[in-house]
Amino acid sequence: DGEVFKYYVDGEWRKSSSGKSVAIVNPTTRKTQYRVQACTQEEVNKAIDLAKVAQKSWARTPLWKRAELLHRAAAILKEHKAPIAECLVKEIAKPAKDAVTEVVRSGDLVSYTAEEGVRILGEGKFLVSDSFPGNERSKYCLTSKIPLGVILAIPPFNYPVNLAVSKIGPALIAGNALVLKPPTQGAVAALHMVHCFHLAGFPKGLISCITGKGSEIGDFLTMHPGINCISFTGGDTGVAISKKAGMVPLQMELGGKDACIVLEDADLDLVASNIVKGGFSYSGQRCTAVKVVLVMESVADALVEKVNAKVAKLSVGAPEEDSDITPVVSESSANFIEGLVVDAKEKGATFCQEYKREGNLIWPLLLDHVRPDMRIAWEEPFGPVLPVIRISSVDEGIHHCNASNFGLQGCVFTKDINKAIMISDAMETGTVQINSAPARGPDHFPFQGIKDSGIGSQGITNSINMMTKIKSTVINLP
Ligand code: G3P
């Protein structure tokens, strides 16, 4: 409890002049696990000033050298997988094995980003003028991709490492500087990840990691004139940021209410295992979790029975024991989930399991016969509670999916590929998975939400492109 982890700026670890700290509460024990510095606005200013200076020479550092440093950071990150995973277990109650997977996946992401970067940033375009009406062949245009400047990265609690490096990697390979504001839950894992970049030998000031209270430095960071791009993953805060941010490119990945549409001809064993994996892994705390099942009435009983059999086998307990279901991130989150459950109960949903909660630990729960008047039909629990809505036509399923304010991903289960593609076309979501649960990965796939689910597209290639702009030089021939 005594130690307060330092924040990272100018290539070193520092205490905040505020003398204050922010507590990180272990979701399992509900006791303070770690403390981080509560940075001040002056410290934010300093970090951004240093980033601006460091970025200028970083942008002139040869691309292959930038890639080399990223490869080094990726290797160090993987070497440090055990202590970082330990933080994820303690700070966000991620099951032990998943925590290790997150770090390894992050190392792979950074390496891939370095490789992709040298390819796509290593080439530009050459255009000639006489293709446009009225022009002679008198102008040659050379284009290349140049960095934006200082990127602000704000990842969420559920992937404090992976969704940080998915922003840091593209920013750095493209020649940008990076200011990271980690989530409070997950901040120590993020600081340790930044330490790996420190060990890799990136120039001083290029990367900083500012911890603190959102109320003190949140708006200050996102509205700061020194920030040239914001990449944010999280919840409603993203909507507020996009309203307040200045004229800078925004990359936002916000919530989702990913629908799983199940047709009559679907392989129900496959559907059931995907619903359980998609709905309950990391206790449903994923933007891409299956958040509503829309199943054709004729196969609903059989499907619900299969899902229930699998839910009964999920282990519930501590993340250290690698339980399938672990405590949700905070008491307020658990209370919110409980509110949705109570509402569904009052309105007559069928409880396939008994609702059970101890502290932040909520047992997995499938709610059948959910109707559109229940909050859980539309809201995102971010917990291990999954509603089933029975539909009498595919159109009804598509209609429910499209009536959501979210549009991140969705999935459809059927053996008829033509139907699957037609349904995919009709679903207003950034991605549709055919015969599998929604998922962001592999990390080089494009990842985007429409409506309230986000702005722009992520995935390694898209993020690199988004964090650059085109620079043209036109040669005018005599
Ligand atoms: O919730 C964050 C979102 O990016 C999910 O990622 O890998 O669990 O599909 P993933």
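Let's start at the ligand: one of its oxygen atoms is 2.6 Å from an N or O atom in the side chain of Thr288. Keep in mind that this is a predicted model. From there, this briefing looks at the ligand's surroundings and then at the cysteines.

**Polar contacts of the ligand**
- The side chain of Arg440 also takes part, with an N or O atom 2.6 Å from an oxygen atom of the ligand.
- Asn158 joins in too, as an N or O atom in its side chain is 2.7 Å from a ligand oxygen.

**How the ligand sits**
- On its own, the ligand has 310 Å² of accessible area, and the protein covers 97% of that.
- The ligand takes up the space of the second largest pocket.

**Who is around the ligand**
- Besides Asn158, Thr288 and Arg440, the residues around the ligand include Arg105, Tyr159, Leu163, Glu253 and Arg286.
- Cys287, Ala439 and Phe447 are around the ligand as well.
- Sorted by class, this shell holds 5 nonpolar, 4 charged and 2 polar residues.

**Cysteines**
- If you go looking for disulfides, a search of the whole structure turns up 0.
- Take Cys209, which is in no disulfide: the nearest cysteine sulfur belongs to Cys39 and is 8.5 Å away.
- Cys209 counts as buried because its relative accessibility is 0%.
- Cys411 is in no disulfide either, with the nearest cysteine sulfur, that of Cys260, 3.6 Å away; a disulfide needs the two sulfur atoms within 2.5 Å, so this pair doesn't count as one.
- Cys411 has a relative accessibility of 0%, so this residue counts as buried.

Conventions. Residues are numbered from 1 along each chain as its sequence is written. This is a predicted model: local features need pLDDT of at least 70, side-chain atom pairs count only at pLDDT 80 or more; totals for chains, interfaces and linings use all residues. Side-chain values use heavy atoms; hydrogens and water are left out. A residue is near a molecule or strand if one of its heavy atoms lies within 4 Å of it. A polar contact is a pair of N or O atoms within 3.5 Å; within protein, one must be able to donate a hydrogen and the other to accept it, and residues adjacent in sequence count only if both atoms are side-chain atoms. Accessible areas come from the Shrake-Rupley method with a 1.4 Å probe; for residues, only the protein chains shown count as cover. On a 1 Å grid over the protein atoms alone, a cavity is a set of points where a 1.4 Å probe fits but cannot get out, and a pocket is an open set with protein on both sides within 12 Å along at least five of seven lines; lining residues have an atom within 4 Å of a point. A molecule sits in a cavity or pocket if more than half of its atoms lie within 2 Å of its grid points. Ala, Val, Leu, Ile, Met, Phe, Trp, Tyr, Cys and Pro count as nonpolar, Asp, Glu, Lys and Arg as charged, and the others, Gly among them, as polar. Buried means under 20% relative accessible area, exposed over 50%, partly exposed in between (1.4 Å probe, protein chains only).
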